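Got your viewer open? Let's take a short walk through this protein, one selection at a time.

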Amino acid sequence: MTDDLWERVTTTYFTERIGIEPRAGFNQRTKDARTTPGVHLYVDPICPYTWVAACWLREVSEHREIDVRYHVMSLELLNEGKYTTTVGPSRVATAIVETHGHDAFRTWHAAFGELIFDEWRYPTPEEYHDACGTALHEAGLPTELIAAADTTEYDEALRRSHDEGTRPVGIDGGTPVIHVDGTAFFGPVLNAVPRGDDALRLFDGVRLLAGAPDFFELKRTRATPPDVRYRPIKGEA
């Protein structure tokens, strides 16, 4: 009875207040999420906050052994029916995963991010396209994969990866998406990359919250644009 009431109330909220039609079973996200160990980061390459989260995990991995797997998600799919955004980089990223694997995508994303996120700004479609191609070369990947940006060849795989990442979070998520020890979150949304002990404390805090089955949300309004600049200290990956 309580579950049925909660389903009706939340469905009405999302449909009438936010204008989103929830998919069947969207309230089952928590049970479905706690299945896989390790850290899974879902990336739309054009998202500055996902870039900062990825750099934070790189920083953590310099001081602690963690198993991080990169996957592709899409802001275009996340905001489907509300507004459109550049989809080319996420298509290229999906082509990389499908043809060369997740580790290759991680290497490409690092190269792409260093080109795009030199400062906070709104890159043009041409800049995104050029960065995709340059990052392919720097990552040692076939530059022909740039063609994926302008085709629908990998769209089905992109949607599948996107859904695998976002459905366990729930309908009102965003980007970045991270799965930690099998629990899925929208976030952490970071305004800059924490370093050293600060990075480790944050990671331990996220893992602590991931282990609390009744924790769902902490939030405050962002007051400044993100500081996307990150260069590892010399000698680090």
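Start with the whole chain in cartoon view: you should find 9 helices and 4 strands. Keep in mind that this is a predicted model. Now colour from one end to the other and follow the elements along the sequence; they come in the pattern α-α-β-α-β-α-α-α-α-α-β-β-α.

Next, select the strands. What order do they take in the sheet? Side by side, the order is β2-β1-β3-β4, in an open sheet of 4 strands with mixed pairing. Pick out residues 68-72 (β2) and 183-186 (β4) to see the edges: each has a single partner strand, so one side of each has no neighbour in the sheet. Tilt the view a little, too: ignoring direction, neighbouring strands of this sheet are turned by 20° against each other on average.

Now zoom in on β1, residues 39-43. Strand β1 runs parallel to β2, and 5 bridges join the two. Want one of the residue partners? Select L41 and look across to β2, where its bridge partner is Y70.

Stay there and add residues 102-116, which form helix α6. This helix packs on the sheet and touches β1 and β2. Compare directions as well: α6 makes about 80° with β2.

Finally, zoom back out and switch on the surface. The accessible surface of the protein comes to about 13100 Å², with 51% of that belonging to carbon and sulfur atoms. How much of the protein is buried? Of the 237 residues, 45% are buried. And among contacts with a separation of 6 or more, 73% are between residues 24 or more positions apart.

Key. Residues are numbered from 1 along each chain as its sequence is written. This is a predicted model: local features need pLDDT of at least 70, side-chain atom pairs count only at pLDDT 80 or more; totals for chains, interfaces and linings use all residues. Side-chain values use heavy atoms; hydrogens and water are left out. Two strands pair if DSSP finds at least two bridges between them. Axes are lines fitted to C-alpha atoms, for helices over the stretch in contact, and angles run from 0 to 180 degrees between N-to-C directions. Contact means heavy atoms within 4.5 Å. Buried means under 20% relative accessible area, exposed over 50%, partly exposed in between (1.4 Å probe, protein chains only). Accessible areas come from the Shrake-Rupley method with a 1.4 Å probe; for residues, only the protein chains shown count as cover.
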